[in-house]
Amino acid sequence: MRERERAGVGTISSVSSVETRVVDDVETAFVVGEDDALRRVYDAYGRLVFSLCNRSLDREAAVEVTQDVFVAVWQKRGQFDPARGSLAGWIMGIARFKTIDALRSRARRPQHSPHPGAPEAANSSPQGVDFLADRLLVASAMAELPERSRRVLEMAFFEDLTHQQIAERTRMPLGTVKSDIRRGLVRLRHSLEQQT
Amino acid sequence: MSTDDDKPFEDDDELVAIARTLTIADRHLDTPPSEVWAGIEARLADLERGDAGAPAVARTAERKASWRSARALSIAAAVLLVLVGGVATVALLAGRGDGARSVQQVALVNTDLDPAGAASSGQAKLVRLRDGRYALEVSLRDVPDPSNGFLELWLLVADARGMVSLGPIVGFDRVVLPANVNLATYPVVDISVEPADGVPTHSGVSILRGRLSA
């Protein structure tokens, strides 16, 4: 008898690290199983999934695999555990798997079709898909960081500065710089967790 | 622990390696065309119907017997399993998270119908799906064991002289309505008990009915 599957989590727990993770309301709605949860999840993460597919597969396959992913997201919703990773990471884990699967059985993205700024050929392999998925997740998580965190992280990543140098450059207290970077890193790492 | 002069992370940190290779394209996402969401909804509705491969076309009372008999057997088996003990579970069809909006709800009652369904009750909810199609969500309670048969869902004309079959149901179901079935023409939701005899027409044994207002 088909019963409506309920998500297996009783409560929404924080990550077991120093920082408590902000569980956003899309994730809450999904875990709790609200009426329009899937639509909200799609609105939040549809572009992320579609970008992975669209930059690894041909257009037709990208449409179909994106659909496959969200149907699977819905059917497996009881398996998502917010304590073990972000919803984005979990969804992209499903997306990686299905994209790599599609690469094996369907048309690859033509190697020479133009797409600004992306190394096209590299995406059409399992490692390429994984790498692209990681980059998309990190880029997306970076964009969602508070302004201050993002700024200091970018300085740390791209200009290779020490804590002290960043503090001087931004004229922020050293302690603030350290904790902004630490919090930012936790969020970025969390965004990559797939729970597989 | 890092000192003030330390860098915030190790150079061989995997996350850092990823962050350092971000391209401009990685920061700009592609928007999926609207057909993507429409397809997701349609597939989830079909899966709920339990009928992943079935075409969403109008089924009339005169469809082929061969379709009926093959499917009827499997439905009958499911119904018998469901009805052990004589009580069908009422499944919650609300809140499946696919954006379906309830338009109308009507109780299904046994008044003046075949006494076989005297203890039964149910409800039918008309919902509008995200892609604009309509579906009927039906849940039934305490329906009789149709032994060697199955329950079927129909839409009837007001005087019951015309009808459209929406197929066998197993106590609860969501059926996407065919686009060319007008509820103003067929406003009556009907549940019948059908024998698995390969005859597609309505058996005449209705156990529950309710009327939608168009």
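Trainee: Which residue is the bridge partner of Leu151(B) in strand 7 of chain B?

Mentor: That's Val193(B). Keep in mind that we're looking at a predicted model.

Trainee: What makes strand 4 and strand 7 of chain B a pair?

Mentor: Two strands count as paired if DSSP finds at least two bridges between them. Strand 4 (residues 149–156) and strand 7 of chain B have eight bridges, so they pair, and they do it in the antiparallel sense.

Trainee: And how many bridges link strand 7 to strand 8 of chain B?

Mentor: Five, again antiparallel, with strand 8 covering residues 206–211. With at least two needed, five is enough, so these two strands pair as well. Look at Ile191(B), which stands opposite Leu208(B), and at Ser192(B), which faces Ser206(B) across the pairing.

Trainee: What is the strand order of the sheet with strands 4 and 7 of chain B?

Mentor: The order is 5-4-7-8, an open sheet of four strands with antiparallel pairing.

Trainee: Why are strand 5 and strand 8 of chain B said to stand at the edges?

Mentor: Strand 5 (163–169) and strand 8 each have a single partner strand, so one side of each has no neighbour in the sheet. As for the twist, neighbouring strands here are turned by 25° against each other on average, direction ignored.

Trainee: What makes strand 7 of chain B "mostly covered"?

Mentor: Buried means under 20% relative accessible area. In strand 7 (residues 188–195), seven of the eight residues are buried, hence the wording.

Trainee: Which strands of chain B form the sheet with order 1-2-3-6?

Mentor: Strands 1, 2, 3 and 6, in an open, antiparallel arrangement. The edge strands are strand 1 (101–108) and strand 6 (172–176), each pairing on one side only. The twist averages 15° from one strand to the next.

Trainee: How do you know that strand 1 and strand 2 of chain B are joined?

Mentor: Seven bridges run between strand 1 and strand 2 (residues 121–128), set against a requirement of at least two, so they pair, antiparallel. One spot to look at is Gln105(B), which stands opposite Lys125(B) in strand 2.

Trainee: Over to chain A. Why is Gln127(A) called exposed?

Mentor: Exposed means over 50% relative accessible area. Gln127(A) has 59%, so it gets that label.

Trainee: Where does Gln127(A) lie?

Mentor: In helix 6 (residues 126–144) of chain A. The C-alpha atoms of Gln127(A) and Arg96(A) are separated by 9.9 Å, although these residues are 31 residues apart along the chain.

Key. Residues are numbered from 1 along each chain as its sequence is written. Chains are lettered from A and ligands numbered from 1 in the order in which they are written. This is a predicted model: local features need pLDDT of at least 70, side-chain atom pairs count only at pLDDT 80 or more; totals for chains, interfaces and linings use all residues. Side-chain values use heavy atoms; hydrogens and water are left out. Buried means under 20% relative accessible area, exposed over 50%, partly exposed in between (1.4 Å probe, protein chains only). Axes are lines fitted to C-alpha atoms, for helices over the stretch in contact, and angles run from 0 to 180 degrees between N-to-C directions.
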